[in-house]
Amino acid sequence: MIVFFKERLAFLSVPKTGTTAYEKALAPRADMVISDPPMLKHAPVYRYNRFVRPMFLKVCDAELELMAVMREPISWLGSWYRYRRRPFMEGRPNNTFGVTFDEFVLAYMKGDKPGFADVGSQLKFMETQPNGTGITHHFRYEDQARLRSFLEERLDVTLSLGQENVSPKMELALSPNVEKRFRRKFAAELELYESIP
């Protein structure tokens, strides 16, 4: 999570959406950077609302706008699948070695997910809270130009981005049946992604 107080903006860090590269580039410009532990770095809207928002509201009498990046849902799962196949993951309980992408997605669709497929939900991460706290500015991971332009204009900066936490390259495709089941079960997630300009 990166906070820019003067601009009244908090950039929430949805996992596997390239936000670590933005965090690294914008850290010198930010007023607050939470880069560790992961449960705070990747604090979803509900955690921001419960712990971070009250601090700014009560101490500074300030309400921040929230921004977040969303990745196309199947691509997002593919990134997690590849990320958990990095060499050092071998032998660890959450690795995806010996698991096909179809098996990974089918496991993700279960109510009680096995550890290797328990990667959260972008929809749940960005869910608007009962008090109205939600994402003000949504961006597609696949439209880096729009995201970059917004940040450069809003923060009056010129960004120079590197690549961070890159998953191993691998061609992935779901079988038609698994993709159909996924699209039916996660229609709301796909709908949110499609609604982002």
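**Exercise 1. Decide how enclosed helix 1 is, and name what covers it.**

Six of the eight residues of helix 1 (residues 19-26) are buried, so the rest of the structure largely encloses this helix. Buried means under 20% relative accessible area, exposed means over 50%, and partly exposed lies in between (1.4 Å probe, protein chains only). Helices (H or I, at least four residues) and strands (E, at least two) are DSSP runs, numbered from the N terminus. The model is predicted: local features need pLDDT of at least 70, side-chain atom pairs count only at pLDDT 80 or more, and totals for chains, interfaces and linings use all residues. Residues are numbered from 1 along each chain as its sequence is written, and side-chain values use heavy atoms, leaving out hydrogens and water.

Step 1: list the buried set. In helix 1 it is Thr19, Thr20, Ala21, Tyr22, Glu23 and Leu26.

Step 2: find the cover. It includes strand 1 (2-4), strand 2 (9-11), strand 3 (32-33), helix 2 (38-41), strand 4 and helix 7 (144-155).

**Exercise 2. Describe the surroundings of helix 4 (residues 73-83).**

Step 1: count. In helix 4, 10 of its 11 residues are buried. Among them are Trp76, Trp80 and Arg82.

Step 2: find the partners. The buried residues of helix 4 pack against strand 4 (65-70), helix 5, helix 6, helix 8 and helix 9 (187-195).

Step 3: check the N-terminal end. Glu72 caps helix 4 there, with a side-chain oxygen 3.0 Å from the backbone nitrogen of Ile74.

**Exercise 3. Work out how helix 5 (residues 101-108) packs on helix 8 (residues 176-185).**

Step 1: take the geometry. The axes of helix 5 and helix 8 are 10 Å apart, at an angle of about 25 degrees. Axes are lines fitted to C-alpha atoms, for helices over the stretch in contact, and angles run from 0 to 180 degrees between N-to-C directions.

Step 2: classify. Helix 5 is therefore roughly parallel to helix 8. Angles under 35 degrees count as roughly parallel, over 145 as roughly antiparallel, 65 to 115 as roughly perpendicular and the rest as oblique.

Step 3: list the contact residues. Helix 5 gives Asp102, Val105, Leu106 and Tyr108, and helix 8 gives Val178, Arg181 and Phe182. Contact means heavy atoms within 4.5 Å.

**Exercise 4. Compare the settings of Thr133 and Gln122.**

Step 1: place Thr133. It sits in the loop between helix 6 (122-125) and strand 5 (137-140). At 9% relative accessibility, Thr133 is buried.

Step 2: find its polar contacts. The Thr133 side chain pairs with the side chain of Asn49 at 2.9 Å and with that of Arg53 at 3.3 Å. A polar contact is a pair of N or O atoms within 3.5 Å; within protein, one must be able to donate a hydrogen and the other to accept it, and residues adjacent in sequence count only if both atoms are side-chain atoms.

Step 3: turn to Gln122. This residue lies in helix 6. Gln122 is buried, at 0% relative accessible area. Not counting residues up to four places away in sequence, Gln122 touches residues including Val14, Trp76 and Glu189.

**Exercise 5. Locate the unusual backbone features.**

Step 1: recall the background. Most residues other than glycine have a negative phi, and most peptide bonds are trans.

Step 2: check phi. Arg8 has a positive phi near 55 degrees, in the loop between strand 1 and strand 2. Lys16 has a positive phi near 65 degrees, in the loop between strand 2 and helix 1.

Step 3: check omega. A cis peptide bond joins Asp36 and Pro37, with omega about -10 degrees.
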